[in-house]
Amino acid sequence: MPGPPVTASTGVKVRVVTLKINEHDIGARETDSILDVAQANNIRIPSLCFLEGLSTWGACRLCVVEIEGYPRPVSACSTTVSEGMVITTHSDRLKRYRRTILELLFAERNHVCSVCVSNGHCELQDLAAECGMDHVRVPYRNQPYAVDSTHEMYRVDHNRCVLCTRCVRVCDEIEGAHTWDVMGRGIECQVITDLNQPWGDSSSCTSCGKCVQVCPTGALVKKGTAAGEMEKHDEFLPYLAQMRGNR
């Protein structure tokens, strides 16, 4: 049976439920996502588009998990827990899914790590190593995308973008500028500034750099950084998200 209601920070009462993750009994609030609960209990679930402090997007599908009784895997970041759930995070099928997703991401655009400024500090690169992806088994698209260096401090390289939309969400939800958005459909999607204007011509950009810091790859970087020099820091996000929510 669900546990007694508890009061969240918002003053709303929520129930505590019990579930299993990888055979471990866990208690959690019914409003928590599977990913939230896993992270709180030191259970690693790979993810790319998710970032604490931003709204849930559920696009990358790397955080898929299996739930007993469900016909197909679901994304852990966008699925809330419920009483009696039995969850598996690392079955052979899930490992194959994640590797295939990573291969498709690498094949869709140009992710040659050796010449990337984020080499050694890239979440996509780290995930490939974690999931055992050492080569790509699908054809590369090899379609070149533009590099926009019109901003005085930053550069966007669409060849390295994975469309996680972190830049879009942080600009909208934290900075409040909504400079970034997404244009196109399917594999032709690109992130854009304003109405597809060069970044340097944007009238809404505040040059805060939050989009650069949350980008998981070498798509958004500071100018003047050489290969392997671009380290990013997103620790500010949970604090700023909380402060904005209290306004």
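# A walk from the β8 strand outwards

Start by selecting β8 and β11: the two pair in the antiparallel sense over three bridges. Pairing here means that DSSP finds at least two bridges between two strands. Strands (E, at least two residues) and helices (H or I, at least four) are DSSP runs, numbered from the N terminus. Before you go on, keep in mind that this is a predicted model, in which local features need pLDDT of at least 70, side-chain atom pairs count only at pLDDT 80 or more, and totals for chains, interfaces and linings use all residues. Residues are numbered from 1 along each chain as its sequence is written, and side-chain values use heavy atoms, with hydrogens and water left out.

**The small sheet**

Add β7 to the selection and you have an open sheet of three strands in the order β7-β8-β11, with antiparallel pairing. At the edges are β7 (147–148) and β11, each pairing on one side only. Now click on V156, and you'll find L220 of β11 standing opposite.

**The aromatic cluster**

Next, show Y154, W180 and W199, which form one aromatic cluster. Rings of Phe, Tyr and Trp (its six-membered ring) pair if their centres lie within 6.5 Å; planes under 30 degrees apart are stacked, over 60 edge-to-face, and the rest tilted. The whole structure holds two such pairs. Y154 and W199 are stacked, at 5.8 Å centre to centre with 25 degrees between the planes. Y154 sits in strand β8 (residues 154–157) and W199 in the loop between β10 (190–193) and α5 (210–214), so this pair ties together parts 45 residues apart in sequence.

Turn to W180 and W199: their ring centres are 5.0 Å apart and the planes are at 70 degrees, so this pair is edge-to-face. W180 belongs to strand β9 (residues 180–183) while W199 is in the loop between β10 and α5, so the parts tied together here are 19 residues apart in sequence.

How buried is W199? Its relative accessibility is 1%, where buried means under 20% relative accessible area, exposed over 50%, and partly exposed in between (1.4 Å probe, protein chains only). Y154, at 9%, counts as buried too. With contact meaning heavy atoms within 4.5 Å, and neighbours within four places in sequence set aside, W199 touches residues including D148, H151, R155, V156, C205 and V212.

**Two cores**

Which residues have the most contacts inside the largest nonpolar core? Select W180, W199, C211 and L220; the core has 26 residues. A core of this kind is a set of buried Ala, Val, Leu, Ile, Met, Phe, Trp, Tyr and Cys residues joined through side-chain atoms within 4.5 Å. β8, α4 (166–175), α5 and β11 (220–222) each give two or more residues to this core, and α4 gives the most, with five. A second, separate core has 21 residues, I21, V37, V74 and A76 among them.

**Helix α4**

Select α4 next. Seven of its ten residues are buried: R166, C167, V168, R169, V170, C171 and I174. These buried residues pack against α3 (123–130), β9, β10, α5, β11 and α6 (236–245). Just after the helix, look at G176, which takes a positive phi of about 80 degrees.

**V65 and its surroundings**

Jump to V65 in strand β4 (residues 64–67). V65 is buried, at 0% relative accessibility. Leaving out residues up to four places away in sequence, V65 touches I34, I45, P73, V74, A76, I87, T88, T89, L94 and R98. To place it in the whole model, draw a distance from V65 to K232: the C-alpha atoms are 28 Å apart, with their positions 167 residues apart along the chain.

**A hairpin and a stray arginine**

Show β2 (residues 13–21) and β3 (residues 24–29): they run antiparallel and six bridges join them. V16 has R29 as its bridge partner in β3. Two residues lie between the strands, and N22 in this hairpin takes a positive phi near 55 degrees.

Then find R109, which lies over the face of Y145, 4.3 Å from the ring centre. A charge counts as over a ring if NZ of Lys or CZ of Arg is within 6 Å of the ring centre and within 35 degrees of the ring normal.

**Last stop: cysteines**

How many disulfides does a search of the whole structure find? Zero, a disulfide being a pair of cysteine sulfur atoms within 2.5 Å. Select C60 and C49: the C60 sulfur has its closest cysteine sulfur there, 3.8 Å away, too far for a bond. C60 is buried, at 15% relative accessibility.
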